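Keep the sequence and the model side by side as you read. We will walk through the open space, the packed interior and a few single residues.

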Amino acid sequence: MSGLRDSRREIPDFYSWVQKWALESISAVLFNTRLGCIEPGVGTEQEAQKIINAAMALFQAIYDTMMGFPWWKYFPTPAWKRLTTSHDFLFQTAQKYVGATIEMIAKKKGGDENASAVTDSVGSTFLEILLETKNLEREEACLTAIELMISGIETTASSVAFILYHLARNPKSQDKLHDEITRLLPRAGMPITYETLSEAHFLRAVFKEAARLNPITTGTVRILDHDVVFSGFNVPAWTGILSQSQVIGRLSEYFEHPNEFRPERWLERYEGKTNKVASLIASHPFGMTPFGFGPRQCIGRRFALQEVFLGVIRIIQAYRVEYNHENVDCVTHIINTPDKPLRFEFYRRTSAIENSCRNIN
């Protein structure tokens, strides 16, 4: 990151950089492949940008076809054409990497020492595990890869962007998070483990609070399978309904000072008192569903959460983040994204631990 900053310590087009980092991460997990998104000279940066552009176009096209009268059912509208074009590109790209993974599995089973050495050094990719344990057809594996690639880009990028924005606008919360990170990673070069993340309570509270104020999506959509009565109104089966996360998250009847960034509200106990939000979530489980719920919840949820936590830890560990420009809100393309450029200023922290975080540079 240091090399990306300009003379004002800002990273031009920061959101685009986070998208590339997210794609690089999910590609490594899925395919053990470096696309070269954030490291020049590794992989094919041009293809990586095409993947990001296609994912963004797909979300926008889905949004456009969902809103208004469904003309696309009767003739191919511009939005429908964009949807099919972007989906076809993503499917073909995923198919290429799925094919390479299948070939690697075949070589390893055939006794190819080079293939075995690569797998042994990094472990099995997620796609390899799917193909071996679930006996998926190649096309099913491609579809799974597409969903994971898409969810792994935009949900992660949006989450990291809004978390950093709120931390930059609330320096006391940023200091608390930095103190927690320093407590959990007191020595230089310590790896971030599952145990580390499980003890990062304030980090999780920061994620939830940012997701409350700027949820990843407008809400959760479901199709009713039977008639339901809402507030005296009969809603027939096969009607689409939307749980409005953006509205619920800012209702004062559920959240005190709803427009303020207060991560402490998500801690079970704060300053010796039981938080109101803790009892709210216990009695209203749908008061906070950033990734949806049930069998149709976001397929990349766990990947996205881990990426978000790891990225935020490394950034806050190494830099103090400031934002001194106009307020940022969101615009929706199914996934909510910042409506303005994120002109963060990154100031290098000076302690020995923070200066050791070279992997964020």
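Four elements each supply at least two residues to the lining of the largest pocket: α2 (45–66), α3 (78–109), α6 (138–169) and β1 (219–223). Bear in mind that this is a predicted model. Which element gives the most to that lining? It is α6, with six residues. In total, 34 residues line the largest pocket. Look for its centre, where F59, I62, T217, R296 and I334 lie nearest. The volume of this pocket is about 1,300 Å³. By class, its lining holds 21 nonpolar residues, ten polar ones and three charged ones.

Stay with I334 for a moment. This residue sits in the loop between β8 (330–333) and β9 (335–338). I334 is not a glycine, yet its phi is positive, near 75 degrees. Is I334 buried, exposed or partly exposed? Its relative accessibility is 23%, so I334 counts as partly exposed. The cut-off for buried is under 20%.

W238 also has a positive phi, about 70 degrees, although W238 is not a glycine. Find W238 in the loop between β3 (233–235) and β4 (240–244). Its relative accessible area is 67%, so W238 is exposed. The cut-off for exposed is over 50%.

Now turn to the packed interior. In soluble globular proteins, nonpolar side chains tend to be buried together. The largest nonpolar core in this model has 82 residues. Within this core, F14, L23 and F344 touch the most other members. The largest share of the core comes from α6, which gives 17 residues. A second core is separate and has five residues, among them A205, A211, F255 and W266.

What does F14 touch, leaving aside its neighbours within four places in sequence? The contacts are L164, L342, F344 and F346.

Next, follow helix α1 (residues 14–31), where I26 is found. The relative accessible area of I26 is 1%, so this residue is buried. Leaving aside neighbours within four places in sequence, I26 is in contact with L148, M149, G152, F303 and E307. Compare I26 with I150. These two residues are 124 apart in sequence. In space, their C-alpha atoms are 9.4 Å apart.

Helix α6 holds another residue to inspect, T156. Its relative accessibility is 0%, so T156 counts as buried. Beyond its neighbours within four places in sequence, T156 is in contact with W21, A22, S151, A304, E307 and V308. E307 appears in this list, and E307 is also among the contacts of I26.

Helix α3 lets you check a length for yourself. How far should its 32 residues span at 1.5 Å a residue? The expected span is 1.5 Å times one less than the number of residues. That gives 46 Å for α3, and its end C-alpha atoms are 46 Å apart, so the two values agree. Several residues along α3 are buried, including A79, L83, L90, F91, Y97 and I105. The buried residues of α3 also include S86, T93, G99 and T101.

Finally, look at the enclosed spaces. How many cavities of 30 Å³ or more are there? The count comes to three. The largest cavity holds about 90 Å³ of space. Twelve residues line this cavity, and A211, S245, G287, M288 and T289 lie nearest its centre. Two elements give two or more residues to this lining, α9 (201–213) and α10 (245–248). By class, the lining has six nonpolar residues, five polar and one charged.

The second largest cavity has a volume of about 40 Å³. Its lining consists of S158, S159, F162, I163, F207, A210, A211, N214 and I216. Here α6 and α9 are the elements that give two or more residues. The largest share, four residues, comes from α6. Six of the lining residues are nonpolar, three are polar and none is charged.

Take a last look at A211. This residue belongs to the second core, lies among those nearest the centre of the largest cavity and helps line the second largest cavity. Then trace α6 once more. This helix gives the most to the lining of the largest pocket and the largest share of the lining of the second largest cavity.

Terms used. Residues are numbered from 1 along each chain as its sequence is written. This is a predicted model: local features need pLDDT of at least 70, side-chain atom pairs count only at pLDDT 80 or more; totals for chains, interfaces and linings use all residues. Side-chain values use heavy atoms; hydrogens and water are left out. On a 1 Å grid over the protein atoms alone, a cavity is a set of points where a 1.4 Å probe fits but cannot get out, and a pocket is an open set with protein on both sides within 12 Å along at least five of seven lines; lining residues have an atom within 4 Å of a point. Grid points are joined across faces, edges and corners, and a volume is the space filled by probe spheres set on the points. Ala, Val, Leu, Ile, Met, Phe, Trp, Tyr, Cys and Pro count as nonpolar, Asp, Glu, Lys and Arg as charged, and the others, Gly among them, as polar. A nonpolar core is a set of buried Ala, Val, Leu, Ile, Met, Phe, Trp, Tyr and Cys residues joined through side-chain atoms within 4.5 Å. Buried means under 20% relative accessible area, exposed over 50%, partly exposed in between (1.4 Å probe, protein chains only). Contact means heavy atoms within 4.5 Å.
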